[in-house]
Amino acid sequence: MHVVAEVGSRYPSISRQGDETAWYRTHPVTAEELIALMDEGGVEWTILVQPIQVYGSDNSCLAAGCSAHPDRLRGVGVVDVGEPDASCAALRRLVRDQGLAGVRLNLATGSDSLDPRCHPLLECAEELGIPVLVRVTPEQLPQLPDLVKRFPGVRLILDHCGFVDFADGPEGRAVAPLFDVGAHDNLYVKVSTMNLYSTGDGIAPETLLGELGRCFGADHLVWGSDFPHTHDRGYAQLVDYAREVARSLPGDGAADYLGRTAASLWCPPHETPAGR
């Protein structure tokens with residue numbers, strides 16, 4: 001879930017030529033509008049993720065929304081991977097000054113190798129006790145297990161399933177790098193709406209989610225609506241879609257996928273909002 005201020009607000013977005021039809025221009029959703037949409041969908045609280053393409057590492061809009069609605073919203077901000085001392089100082093400010101609950105590291109920056117400059121940031125994240133959402137490409141996935149094992153004290157969440165293409169199903173060549181990562185105690189996988197959509201006609205999204213649960217553990221899967229980036233239907237309808245697909249998970253898997261695992265990651269027990 002992302003929040004985006006309206007054009008002309010005090011939270012200017014990164015200006016790009018030709019972005020007039022981009023989702024963050026045509027479908028902005030403020031924190032206040034989101035609360036109303038959550039009420040409509042029967043959602044008690046949600047995790048907001050900083051949209052890198054909109055605000056980069058300026059987390060002001062995100063932090064303001066979370067601060068205004070602390071009982072409904074938790075925030076995952078962004079810190080640039082750069083000079084270690086400056087990056088770690090920025091991460092500490094993100095958590096201690098802006099009150100955000102986690103960080104998103106964008107490692108999908110054009111190279112097939114994971115930038116080793118993320119290591120000091122992961123050490124800092126462990127010190128702060130926060131989870132890390134990592135954005136990588138399919139080509140980088142084979143290196144992920146080494147990163148996971150190098151930082152066993154850091155809870156890592158793979159963003160959007162590593163952007164693999166599920167069109168050929170869970171046994172297709174394109175998804176092999178994802179399933180080859182395998183289960184790890186400190187690795188979680190965000191299976192967002194865009195991933196469920198990407199199955200095409202080759203496999204039902206319920207089947208895909210079940211296979212991911214068997215590989216990584218149903219209690220290590222986290223749903224992300226990706227709204228309003230994904231906006232083919234309203235937020236409440238996206239929630240209903242996720243609930244329907246999650247029925248494929250055995251036992252308490254649906255409850256884990258739809259909220260309980262996210263609460264364990266981003267909401268300390270004494271701060272967990274009521275409900276999902």
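In this predicted model, the side chain of Arg72 comes within 2.4 Å of the backbone oxygen of Glu44. Arg72 sits in the loop that connects H4 and S2. With a relative accessible area of 15%, Arg72 falls under the 20% limit and is therefore buried. Apart from residues up to four places away in sequence, Arg72 touches Ile35, Met38, Asp39, Val43, Glu44, Trp45 and Thr46.

**Helix H2**

Two of the residues touched by Arg72, Ile35 and Met38, also appear among the buried residues of helix H2, which spans residues 31–41. The buried set of H2 consists of Ala31, Leu34, Ile35, Met38 and Gly41. Viewed along the axis of H2, these buried residues fit within an arc of 130 degrees, so they line one face of the helix. Their packing partners are two strands, S1 (46–49) and S2 (73–78), and two helices, H4 (60–68) and H11 (235–246). Just after H2 comes Gly42, whose phi is positive at about 70 degrees.

**Pockets**

The largest pocket holds about 370 Å³ of space. It is lined by 22 residues, and those closest to its centre are Thr46, Ile47, Trp223, Gly224 and Leu258. At least two lining residues come from each of S1, strand S7 (221–224), H11 and helix H12 (253–266). H12 provides the largest share, with 5 residues. S1 and H11 are thus named twice: they pack against the buried residues of H2, and they contribute to the lining of the largest pocket.

The second largest pocket encloses about 180 Å³. Of the 13 residues lining this second pocket, Gln53, Arg104, Arg135, His160 and Phe163 are the closest to its centre. Helix H3 (52–55) and strand S3 (102–106) are the elements that give two or more residues to this lining. The table sets out the lining of both pockets by residue class.

| Pocket | Nonpolar | Polar | Charged |
|---|---|---|---|
| Largest pocket | 15 residues | 4 residues | 3 residues |
| Second largest pocket | 5 residues | 5 residues | 3 residues |

**Lys190**

Strand S6 (residues 187–192) contains Lys190. The relative accessibility of Lys190 is 9%, so this residue counts as buried. Its side chain makes a polar contact of 2.7 Å with the side chain of Asp159. Leaving out residues up to four places away in sequence, Lys190 touches Val49, Leu133, Ile157, Leu158, Asp159, His160, Cys161, Asn195, Val222, Trp223 and Gly224. Of these, Trp223 and Gly224 are among the residues closest to the centre of the largest pocket, while His160 is one of those closest to the centre of the second largest pocket.

**Met194, Phe163 and Asp226**

Met194 belongs to helix H9 (residues 193–197). At 27% relative accessibility, Met194 is partly exposed. Beyond its neighbours within four places in sequence, Met194 is in contact with His160, Phe163, Asp226 and Thr230. Met194 and Phe163 are 31 residues apart along the chain, and their C-alpha atoms are separated by 9.2 Å.

Phe163 is located in the loop between strand S5 (156–158) and helix H8 (176–181). Its phi is positive, about 60 degrees, although Phe163 is not a glycine. Phe163 has a relative accessible area of 30% and is partly exposed. Phe163 is also among the residues closest to the centre of the second largest pocket.

Asp226, another contact of Met194, lies in the loop between S7 and H11. Asp226 is not a glycine either, yet has a positive phi of about 65 degrees. Its relative accessibility of 4% means that Asp226 counts as buried.

The loop between S7 and H11 also holds Pro228. The peptide bond that joins Phe227 and Pro228 is cis, with omega at about 0 degrees. Both elements that flank this loop, S7 and H11, supply at least two residues each to the lining of the largest pocket.

How values were computed
Residues numbered from 1 in each chain as written. Predicted model: local features only at pLDDT ≥ 70, side-chain atom pairs only at ≥ 80, totals over all residues. Heavy atoms only, no water. Buried < 20%, exposed > 50% of the residue type's maximum accessible area, 1.4 Å probe, protein only. Helix = DSSP H or I, 4+ residues; strand = E, 2+ residues; numbered from the N terminus. Arc of directions from axis to C-beta. Contact = heavy atoms within 4.5 Å. 1 Å grid on protein atoms, 1.4 Å probe; cavity = no way out; pocket = protein on both sides within 12 Å on 5 of 7 lines; lining within 4 Å. Points joined across faces, edges and corners; volume = space filled by probe spheres on them. Nonpolar A, V, L, I, M, F, W, Y, C, P; charged D, E, K, R; others polar. Polar contact = N/O pair within 3.5 Å; in protein donor to acceptor, adjacent residues only side chain to side chain.
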